Amino acid sequence: MKKSQKIILAFLGLILVVAASGLVAKKYVDQKAAKQERVVVTSNALAEIFAKLDINLVGVPKTKAALPKRYQNVAKVGSPMAPSLEKIAELNPSQVYAVSTLKSKYSAAFKEQAIPVTFLKLDSVGQLEASVKSLGNKYQRQKEANRFVQEIESAKSYAKKRQTKKKPKVLILMGVPGSGYMIMTAKSYIGSLVTLAGGENIYKSSKAYLTPSSDSLAQQNPDVILRLEHALPSVTLPQFKMEFKQNAFWSKMDAVKNKRVYDLQQPVFNASANVNAPKALRQVSQWLFPGK
């Protein structure tokens with residue numbers, strides 16, 4: 001080998017070493033920066049996601065739902081539906097995360113207090129996956145994020161294999177304490193589980209939730225009814241039972257006649273997508289196609 005060729009090869013080798021060193025240094029800096037972040041979340045679903053990604057938090061919501069053990073002694077910042085901006089500001093957060101359903105209500109208040117906030121979308125399984133990937137990249141938790149996304153993809157494959165050509169017609173109800181219930185469409189999180197499981201939501205709308213109409217419901221004949229207990233199941237479940245007993249049109253539906261009315265309970269099921277999505281999808285699949 002000529003001397004000039006050796007010099008060129010040596011020079012190229014040096015460039016590769018420098019480039020590799022630069023990548024290692026950047027990764028180290030990014031990891032160190034991620035560890036110094038002061039992150040606050042305002043919902044239990046978000047706390048569970050951050051625990052899944054092994055990310056430290058300085059503030060979590062005050063909720064009756066069980067928080068991940070690692071956050072039980074972390075400062076509380078108010079209820080998920082009414083976070084305390086004063087308590088959040090006292091923690092001097094570098095970033096606050098809230099669910100997108102609260103954006104219209106609190107976005108201006110966060111901005112007024114100069115609190116950096118990101119509203120994560122958790123209204124579908126797809127949005128959950130996107131949010132997890134985004135957080136994994138931001139906080140150097142790509143491995144953890146990919147592992148969880150793979151759990152979801154595995155549940156999707158399971159559900160797809162169990163489907164038949166005939167899609168069962170599904171009605172989804174969400175209990176509201178003191179106000180009866182709402183109808184959940186395919187645009188809601190539970191609605192996305194039904195779609196992935198191979199079911200057909202009998203209510204089509206661009207909105208995630210609809211106000212129920214007795215006249216409209218009386219004309220429906222779903223194969224399956226899913227009742228999300230949501231908040232305060234001790235209140236919403238008795239409400240559902242009373243509703244189905246008092247209004248005669250329910251007893252005429254195939255879902256009721258065939259005993260295919262299922263109550264969705266926490267922590268597996270919730271109004272927002274959470275870390276239990278893989279288990280929830282598998283369960284919905286079994287309800288929709290019980291003979292498979």
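Helix α6 (residues 142-162) and helix α11 (residues 277-288) have axes that come within 8 Å of each other and cross at roughly 5 degrees. That makes α6 roughly parallel to α11. This is a predicted model. The protein chain has eleven helices and 13 strands. Of its 292 residues, 43% count as buried. Among contacts with a separation of 6 or more, residues 24 or more positions apart account for 61%.

**The α6–α11 contact**

- From α6, the residues in contact are Phe148, Glu151, Ile152, Ser154, Ala155, Lys156, Tyr158, Ala159 and Arg162.
- From α11, their partners are Pro278, Leu281, Arg282, Ser285 and Gln286.
- The residues of this contact divide into seven nonpolar, three polar and four charged.
- In an α-helix there are 3.6 residues a turn, so residues three or four places apart point the same way.

**Helix α7**

- Helix α7 covers residues 189-197, and seven of its nine residues are buried, so it is largely enclosed by the rest of the structure.
- The buried residues are Tyr189, Ile190, Gly191, Ser192, Leu193, Val194 and Ala197.
- Thr195 also lies in α7. At 45% relative accessibility, Thr195 counts as partly exposed, because buried means under 20% and exposed means over 50%.
- At the start of the helix, a side-chain oxygen of Ser188 comes to within 3.0 Å of the backbone nitrogen of Gly191.
- Just after the helix, Gly198 takes a positive phi of about 100 degrees.
- Thr195 in α7 and Ser285, one of the α11 residues that meet α6, are 90 residues apart in sequence. Their C-alpha atoms are 9.8 Å apart in space.

**Aromatic pairs**

- The structure holds ten aromatic pairs.
- One of them joins Phe50 and Tyr97, with 5.2 Å from centre to centre and 50 degrees between the planes, a tilted arrangement.
- Phe50 lies in helix α2 (residues 44-52) and Tyr97 in strand β6 (residues 95-99), so this pair ties together parts that are 47 residues apart in sequence.
- Phe50 counts as buried at 0% relative accessibility. Tyr97 counts as buried at 3%.
- A second pair is Phe249 with Trp250: the ring centres are 4.9 Å apart and the planes are at 40 degrees, so this pair is tilted.
- Both Phe249 and Trp250 are buried.
- Phe249 and Trp250 also belong to a cluster, where ring pairs link them with Tyr181, Phe240 and Phe244.

**The loop between β13 and α11**

- Strand β13 spans residues 261-264, and Pro267 lies in the loop between β13 and α11.
- The peptide bond joining Gln266 and Pro267 is cis, with omega about 5 degrees.
- Asn276 lies in this loop too, between β13 and α11.
- The side chain of Asn276 reaches the backbone oxygen of Pro267 at 2.8 Å.
- Leaving aside residues up to four places away in sequence, Asn276 touches Glu48, Pro267 and Val268.
- Asn276 is buried, with a relative accessible area of 18%.

**Backbone exceptions**

- Most residues other than glycine have a negative phi, and most peptide bonds are trans.
- Gln140 has a positive phi of about 55 degrees although it is not a glycine. Gln140 lies in the loop between α5 (125-138) and α6.
- Gln140 is buried, because its relative accessible area of 18% falls under the 20% cut-off.
- Lys259 is not a glycine either, and has a positive phi of about 55 degrees. Lys259 is found in the loop between α10 (254-257) and β13.
- Lys259 is exposed, because its relative accessible area of 72% is over the 50% cut-off.
- The bond between Gln266 and Pro267 departs from the trans form: this peptide bond is cis.

How values were computed. Residues numbered from 1 in each chain as written. Predicted model: local features only at pLDDT ≥ 70, side-chain atom pairs only at ≥ 80, totals over all residues. Heavy atoms only, no water. Axes fitted to C-alpha atoms, helices over the stretch in contact; angles between N-to-C directions. Helix = DSSP H or I, 4+ residues; strand = E, 2+ residues; numbered from the N terminus. Parallel < 35°, antiparallel > 145°, perpendicular 65-115°, else oblique. Contact = heavy atoms within 4.5 Å. Nonpolar A, V, L, I, M, F, W, Y, C, P; charged D, E, K, R; others polar. Buried < 20%, exposed > 50% of the residue type's maximum accessible area, 1.4 Å probe, protein only. Polar contact = N/O pair within 3.5 Å; in protein donor to acceptor, adjacent residues only side chain to side chain. Phe/Tyr/Trp six-rings, centres within 6.5 Å; stacked < 30°, edge-to-face > 60°.
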